[in-house]
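Take a first walk through this structure with the sequence at hand. Start from a single residue, then widen the view.

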Amino acid sequence: VNITIESSKIYDDVYVITSHTGKAIGDIDRISLSKDEIKIIESFMKESVSELNDIVSSYGSLSFDADNITIELKLPSNWKESLLPSLEQCIKNYVSNSICQRWYSITNKEDVKYYADKVIVNANNITKFLHEHKKPER
């Protein structure tokens with residue numbers, strides 16, 4: 001099973017999340033991530049992907065470059081393939097939430113725990129999805 005997630009889609013998610021948060025608390029300039037700050041979150045992306053690798057490394061390999069996160073999973077033939085879209089979304093959410101957690105540690109400390117909790121839920125769901133199997137057919 002191969003999964004490729006475009007880095008640009010993760011950055012877009014982070015922009016949306018931080019903009020929404022900034023607008024909600026009335027300080028969009030301080031909270032929202034701008035295109036000019038991409039260099040700052042590139043290191044957050046690397047850290048988040050490295051942590052993701054810790055989760056998926058037992059199931060295959062992960063590679064990362066400026067454009068994509070690529071995961072090649074070696075799953076049993078009875079793995080529940082219908083979960084692939086959910087697994088992909090959960091992986092994308094894991095990385096986006098992890099970046100937001102790190103960004104908010106600089107800009108909005110009140111939201112750090114919220115995103116840290118989301119990262120934990122995402123990590124648990126990734127592991128759960130990877131353990132799912134089809135029911136045996138008789």
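In which helix is Ser 98 found? Ser 98 belongs to helix α4, which covers residues 84–107. Keep in mind that this is a predicted model.

Is Ser 98 buried or exposed? Ser 98 has 0% relative accessibility, so it counts as buried. The cut-off for buried is under 20% relative accessible area. The side chain of Ser 98 makes a polar contact with the side chain of Arg 102, at 2.4 Å. Ser 98 also has partners farther along the chain. Setting aside neighbours within four places in sequence, Ser 98 is in contact with Ser 48, Glu 51 and Val 119.

Now step back to the whole chain. The protein chain has 5 helices and 3 strands. Along the sequence they follow the pattern β-α-α-α-β-β-α-α. The C-alpha trace spans about 60 × 25 × 20 Å along its principal axes. The chain has 138 residues, and 40% of them count as buried. Its accessible surface comes to about 8,000 Å². Carbon and sulfur atoms account for 50% of that surface. Take the contacts between residues at least 6 apart in sequence: 70% of these join residues at least 24 apart.

Turn to the strands. Strand β3 runs over residues 68–73. Which strands pair with it? Strand β1, residues 2–6, pairs with β3 in the antiparallel sense over 5 bridges. Strand β2, residues 60–64, also pairs with β3 in the antiparallel sense, over 5 bridges. Individual residues show the register. Ile 5 stands opposite Ile 69 in β3. Ser 63 stands opposite Thr 70 in β3. β2 and β3 form a hairpin, with 3 residues between them.

Which residues make up the covered face of β3? They are Ile 69, Ile 71 and Leu 73. The uncovered face holds Asn 68, Thr 70 and Glu 72. Ile 69, the partner of Ile 5, is thus on the covered face. Thr 70, the partner of Ser 63, is on the uncovered one.

Next come the aromatic rings. How many aromatic pairs does a search of the whole structure find? It finds 2. One of them joins Tyr 104 and Tyr 115. Their rings lie 5.4 Å apart, centre to centre, with 50 degrees between the planes, and the pair is tilted. Tyr 104 lies in helix α4 and Tyr 115 in helix α5, so this pair ties together parts that are 11 residues apart in sequence. Both Tyr 104 and Tyr 115 are buried.

Tyr 115 also pairs with Tyr 114. Here the ring centres are 4.9 Å apart and the planes stand at 85 degrees, so the pair is edge-to-face. The threshold for that label is over 60 degrees. Ring pairs thus link Tyr 104, Tyr 114 and Tyr 115 into a cluster. Exposure varies within it. Tyr 115 has 8% relative accessibility and counts as buried. Tyr 114 is partly exposed, with a relative accessible area of 46%.

What about the cysteines? The structure holds 0 disulfides. Cys 90 is in no disulfide, and its nearest cysteine sulfur, that of Cys 100, is 15 Å away. Why does Cys 90 count as buried? Its relative accessibility is 5%, and the cut-off is under 20%. Cys 100 is in no disulfide either. Cys 100 is buried too, with a relative accessible area of 0%.

Two charged residues round off the walk. Asp 13 lies in helix α1, residues 7–25. Asp 13 is partly exposed, with a relative accessible area of 22%. Not counting residues up to four places away in sequence, Asp 13 touches Lys 92 and Ser 96. From Asp 13 to Lys 39 is 26 residues in sequence and 16 Å in space, C-alpha to C-alpha.

Where is Lys 134 found? Lys 134 sits in the segment after α5, the helix of residues 112–131. Lys 134 is partly exposed, at 42% relative accessible area. Not counting residues up to four places away in sequence, Lys 134 touches Ser 77, Asn 78, Trp 79 and Lys 80. Lys 134 and Val 16 are 118 residues apart in sequence, and their C-alpha atoms are 36 Å apart in space.

Methods
Residues are numbered from 1 along each chain as its sequence is written. This is a predicted model: local features need pLDDT of at least 70, side-chain atom pairs count only at pLDDT 80 or more; totals for chains, interfaces and linings use all residues. Side-chain values use heavy atoms; hydrogens and water are left out. Helices (H or I, at least four residues) and strands (E, at least two) are DSSP runs, numbered from the N terminus. Buried means under 20% relative accessible area, exposed over 50%, partly exposed in between (1.4 Å probe, protein chains only). A polar contact is a pair of N or O atoms within 3.5 Å; within protein, one must be able to donate a hydrogen and the other to accept it, and residues adjacent in sequence count only if both atoms are side-chain atoms. Contact means heavy atoms within 4.5 Å. A disulfide is a pair of cysteine sulfur atoms within 2.5 Å. Two strands pair if DSSP finds at least two bridges between them. Rings of Phe, Tyr and Trp (its six-membered ring) pair if their centres lie within 6.5 Å; planes under 30 degrees apart count as stacked, over 60 as edge-to-face and the rest as tilted. Accessible areas come from the Shrake-Rupley method with a 1.4 Å probe; for residues, only the protein chains shown count as cover.
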